[in-house]
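Me: Please walk me through this model the way you'd read it yourself. I'd like the general idea behind each feature, then the case at hand.

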Amino acid sequence: MPDPTPVGEATLVISADVNFLVVIRRFVQVAGANFGLATKAIDDLVQAVDELAANVILHGYQGAPGQIEVRCRAEAGSVAVVLRDQAPAFDPTTHADPDLNVPLEQRQIGGLGIYLSRRMVDDLRYRRLPSGDNEVTLVKHMAAAA
């Protein structure tokens, strides 16, 4: 019997500009749907990618020109999105979780993006490539949010 798991890969290379976040979101949404990811899982994956791509643009490149490569691929039972950039090294997997017990009025604005991204995907990995590029991989399992 043939394997029903979708296979494939799609790549987008785009300028690191907040105005293009909508393009990245749509790209991940369409790829997730094409690879058979459930709607809730697509929504979670799109949100997580959006948060991390925004961090690259705003905090990594800090207004300097640059690019972000977004690669979506179907794997056995999951969809992976790989973000690559040439910004200074930053490993989101080592970023401390915010203290959610602090009353809202005492918290600083922002600072939840990485925390939320980690909770919206099933796996989040980082590596610094020999080229000096950052590579973050986000994985969402097909059955995680059917």
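**Reading the fold, piece by piece**

Me: Just after α2, Gln-62 takes a positive phi of about 50°. What sign does phi have in most residues other than glycine?

Reply: Most residues other than glycine have a negative phi. Gln-62 is not a glycine, yet its phi is positive. You'll find Gln-62 in the loop between α2 and β2, where helices (H or I, at least four residues) and strands (E, at least two) are DSSP runs numbered from the N terminus. Because its relative accessibility is 63%, Gln-62 counts as exposed; the cut-offs are under 20% for buried, over 50% for exposed and partly exposed in between, with a 1.4 Å probe and protein chains only.

Me: And what kind of model am I looking at?

Reply: This is a predicted model, in which local features need pLDDT of at least 70 and side-chain atom pairs count only at pLDDT 80 or more, while totals for chains, interfaces and linings use all residues. Residues are numbered from 1 along each chain as its sequence is written, and side-chain values use heavy atoms, with hydrogens and water left out.

Me: Fine. What pattern do the elements follow along the sequence?

Reply: Count first: there are three helices and five strands. Along the sequence they come as β-α-α-β-β-α-β-β. Helix α2 covers residues 39–61, so 23 residues, and spans 31 Å from first to last C-alpha. That's close to the expected 33 Å at 1.5 Å a residue, the expected span being 1.5 Å times one less than the number of residues.

Me: Next, the sheet. In what order do the strands sit?

Reply: In general, strands pair through backbone hydrogen bonds, either parallel or antiparallel. Here five strands make an open sheet in the order β1-β2-β3-β5-β4, with antiparallel pairing; two strands pair if DSSP finds at least two bridges between them. β1 (8–15) and β4 (123–128) are the edges, each with a single partner strand, so one side of each has no neighbour in the sheet. On average, neighbouring strands are turned by 15° against each other, direction ignored. Axes are lines fitted to C-alpha atoms, for helices over the stretch in contact, and angles run from 0 to 180 degrees between N-to-C directions.

Me: How many bridges join β1 and β2?

Reply: Eight, in the antiparallel sense. Within that pair, Gly-8 stands opposite Ala-74 of β2. Ala-74 also has a bridge partner in β3, namely Val-79. β2 and β3 are joined by eight antiparallel bridges, and their hairpin has two residues between the strands, with Gly-77 at a positive phi near 75°. On the other side, six bridges join the antiparallel β4 and β5, and Leu-124 faces Leu-138 of β5 there.

Me: Which strands does α1 lie across?

Reply: Helix α1 (residues 21–34) lies across β1, β2 (67–75) and β3 (78–85), and runs at about 175° to β1.

Me: Now the inside. How many residues does the largest nonpolar core have?

Reply: It has 38, and those with the most contacts inside it are Ile-24, Val-28, Leu-45, Ile-68, Val-70 and Leu-138. A nonpolar core is a set of buried Ala, Val, Leu, Ile, Met, Phe, Trp, Tyr and Cys residues joined through side-chain atoms within 4.5 Å. α2 gives the most to this core, with 12 residues. Val-70 is a good one to click on: leaving out residues up to four places away in sequence, its contacts (heavy atoms within 4.5 Å) include Ile-24, Phe-27, Val-28 and Val-81.

Me: One last residue, Thr-137. Is it buried or exposed?

Reply: Buried, because its relative accessibility is 6%. Thr-137 belongs to strand β5 (residues 134–141). Beyond its neighbours within four places in sequence, Thr-137 contacts Ala-80, Val-81, Val-82, Asp-123, Leu-124 and Arg-125. Thr-137 and Leu-124 are 13 residues apart in sequence but 5.7 Å apart in space, C-alpha to C-alpha. For the whole chain, buried residues make up 42% of the 146.
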